[in-house]
Amino acid sequence: MKQYNVTGMSCAACSARVEKAVSSVDGVTACSVNLLTASMGVEGSAASDAIIAAVEAAGYGASEKGARSKTAADAEDTLKDRESPVLLRRLIASLILLIPLMYLSMGHTMWGWPIPAFLAKDPVSIGIAQLLLTAAVMVINQKFFVSGIKGVLHRAPNMDTLVSLGSGASFVYSVWTLFAMSGQQAAGNPNAAFHYLHEFYFESAAMILALITLGKLLEARSKGKTTNALKGLMKMAPQTATLLRDGKEIAVPIDEVKVGDLFTVRPGEAIPVDGVIEEGTSAVNEAALTGESVPVDKSIGDRVSAATINQSGFLTCRAIRVGEDTTLAQIIKMVSDAAATKAPISMVADKVSGIFVPVVIAIAAIATAVWLVAGETVGYALARGISVLVISCPCALGLATPVAIMVGSGQGARAGILFKTAAALEETGRITTVVLDKTGTITEGAPAVTDLLPAEGVDEAELLTLAASLEQKSEHPLSRAILDRADGLPLAAVTDFEALPGNGLSAKLDGLHLIGGSYRYMNEQITLPASTEAAVLTLSEAGKTPLLFAHGDRFLGVIAVADRIKEDSPEAIRQLQNMGMRVVMLTGDNRRTADAIGKAAGVDEVIAEVLPDGKEEVIRTLQREGKVAMVGDGINDAPALTRADIGIAIGAGSDIAIDAADLVLMHSRLTDVPAAIRLSRATLRNIHQNLFWAFCYNVIGIPLAAGAWIPLLGWELSPMFGAAAMSLSSFSVVTNALRLNFVNIRSARHDHKRKHKMKKENKAMEKTMKIEGMMCPHCEARVKKVLEAIDGVASAEVSHKKGTAVVTLAKAVDDVVLKKAVEDAGYPVK
């Protein structure tokens, strides 16, 4: 996606116009315009020049964003609030002129406040003074008129068009009244001339502009706060690094660091780029990236990330990722990209924004005409039309979704939860089923010793020492678990080491065989105690791998190894269930081990013995009952992550899994999954509130301004109050979005089960057959034909590449019938 800066947009009608213009360019496949950040993302093969030309033809400016800023300061500068200072100066200047204008128009004319004698007796002079003060305010706020007129000329009227029409109509009518007043005074009718003072709308013309400027200022300042999280991330990046060259330390700007450079980090300093530790040990605070405040111990060979803080030791590291490739830069990119995309829920508001301004202008014209026909004065009828123009607010509609998305994605980034798109942030809260990969997601992902059962006459230290002495020459993951547990124990040197695939290990120590392995293998080698089989069976049923050891004819005992469940996994699963989720564990492990871990973790369902390419099929099946999220960390999880409605990658997982996911958890904490769902639900709730307010404000405000309630209830709205209401509407939407910063996404206090609308699906049964001998699509067609010919088979999806047939049954069909039909066609069924 190419990113562009867009200038000249003032409301949702503008962003809708730009989006429509760019979408019509040949080669553009998708376009998303963000009013909040004044940016645009475009996908497709269209040339940048053609896209920029389309934006300019629509009456706005555009420029392509270059390569990402080399320094965080440059990147942060792009988000700097330049609008607020300009608006503040305009507001102050307007108020200085507005005070004497209001004194003349309201204070003197309505309440008789004193004014200089030379003015008191000359109504024309009072009118001219009001005209000059109003004209000055209009010049100060000329941007409304320039933008509004430009919008009309490009047949794309916007909010500025409404403001300039309302203010301009008030001014023109007042000037016409001033001429009428001059005529009466010249004709010698001073009383009639003084009467015209009550017909002036100069103060309305100026007050409208001042109030709208105030609203824009409040809105700009609030919008600036919505990007605080992103600016905070940018500020974390160090500006310099200390490189080690020829044994000397040299401080250089961060953009001069290259992959492979050695750099040093002293205690208390921020790590400049992603690297791997070459020398030293330390505790590193990674809160900047993960939200985890507890420092992580690091030593030689461990990776460190840019913007994390070295807290204790002196480190020498080698750079492995620099510039825009660092973890911090990727996080910033994800948050920025999420803000640049549109949530599906915003489409209704976008459609309304596209026609909003022309409809409002039409309503204002009709309101004015109706009151004239009803016999009211021109001034009264015009006030109703002007009120309609200035109270209408397309901005509130346009900002309702993007401000909530920006604040929500920023809140997630601070907690180590990264949504890649606005759609992902919206959809996560609608999930009904969460599928968890076992290894590395529910479990630690690395085997560890769980039980030591020494034989009679053997203590734990002896069992562990001799077992580790045997395992020290093996590369098997189970060997690594035993060696980690025996760390610090004196190991003996063994000879004649031999790995026996499928059985175990063998070596010699002190002239005797030192062996270890499975119960079956060890039972063949030595005589085991009678109680051993029961102990091994108990461990196996608990999902653990029992390893037996012996030295000569002496049985040493049993060491159980397992991939342990993470401490927070059961709590995370319980929270998901309390939120109304169905939790499924999906694994390729054997049924016994999977059931044991699933029971300990507390999942609702265990699907075991699934091959990597079969995980995607499982997700597809579960999607028939509702929206599915898949949580995984491995390369083999990538197809399932892509297939799921929301793919969630554990941050410590593979790059392929992270690329395939819609949501990335920066650290391997499963409780971040319910936290992400809470954040999504809170953001979606906030968007609904914003849209409700934006629609209701206009639905109620426009008829009120038009005078629809005057005959019934006598409710009348002056243009000034209409402008005040309009100026606060967008501010209210943005302020409401900022409340997301106070949502505690870790707290389960307000969790509640949602009533999800399940997709209607007949209760058909599916069976998967493993079939051998299919070589081509013709084989697929033959098997499909014979299966679908069976009574009770609704359909069959056959794949010769996977060697499977997924059979959907309308009623019960015996496996024997299915197998016979396929084998009679010449294909063996496994």
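A helix here is a DSSP run, H or I, of at least four residues, and helices are numbered from the N terminus. I keep that at the top of my page, and I also note that this model is predicted.

**Entry one: Gln 411**

I looked up Gln 411 and found it in helix H16, which covers residues 394-414. Is Gln 411 buried or exposed? Its relative accessibility is 9%, and buried means under 20%, so Gln 411 counts as buried. Next I checked what Gln 411 touches: leaving out residues up to four places away in sequence, I found Leu 679, Leu 740, Asn 741 and Val 743. With Val 743 there is a polar detail to add, since the side chain of Gln 411 reaches the backbone oxygen of Val 743 at 3.0 Å.

**Entry two: a small sheet**

I then turned to three strands that form an open sheet, in the order E10-E9-E12, with antiparallel pairing. Why is one side of E10 and of E12 left without a neighbour in the sheet? Strand E10 (296-298) and strand E12 (309-310) stand at the edges and have a single partner strand each, so one side of each stays free of a sheet neighbour. I followed strand E9, residues 282-285, and saw that three bridges join E9 to E10 in the antiparallel sense. For Ser 282, I wrote down Lys 298 in E10 as the bridge partner.

**Entry three: a surface patch**

Last, I looked at the surface. Trp 709, Leu 712, Leu 713 and Trp 715 make a nonpolar patch there, and together they have about 470 Å² of accessible area. I picked out Leu 713, which sits in helix H29 (residues 710-713). Leu 713 has 48% relative accessibility, so I marked it as partly exposed.

Notes. Residues numbered from 1 in each chain as written. Predicted model: local features only at pLDDT ≥ 70, side-chain atom pairs only at ≥ 80, totals over all residues. Heavy atoms only, no water. Pairing = 2+ DSSP bridges. Buried < 20%, exposed > 50% of the residue type's maximum accessible area, 1.4 Å probe, protein only. Polar contact = N/O pair within 3.5 Å; in protein donor to acceptor, adjacent residues only side chain to side chain. Contact = heavy atoms within 4.5 Å. Patch = residues over 30% accessible without salt bridge, like charges linked within 9 Å, V, L, I, M, F, W, Y side chains within 5 Å. Areas by Shrake-Rupley, 256 points an atom, 1.4 Å probe, with all protein chains shown as cover. Salt bridge = Lys/Arg side-chain N within 4 Å of Asp/Glu carboxyl O.
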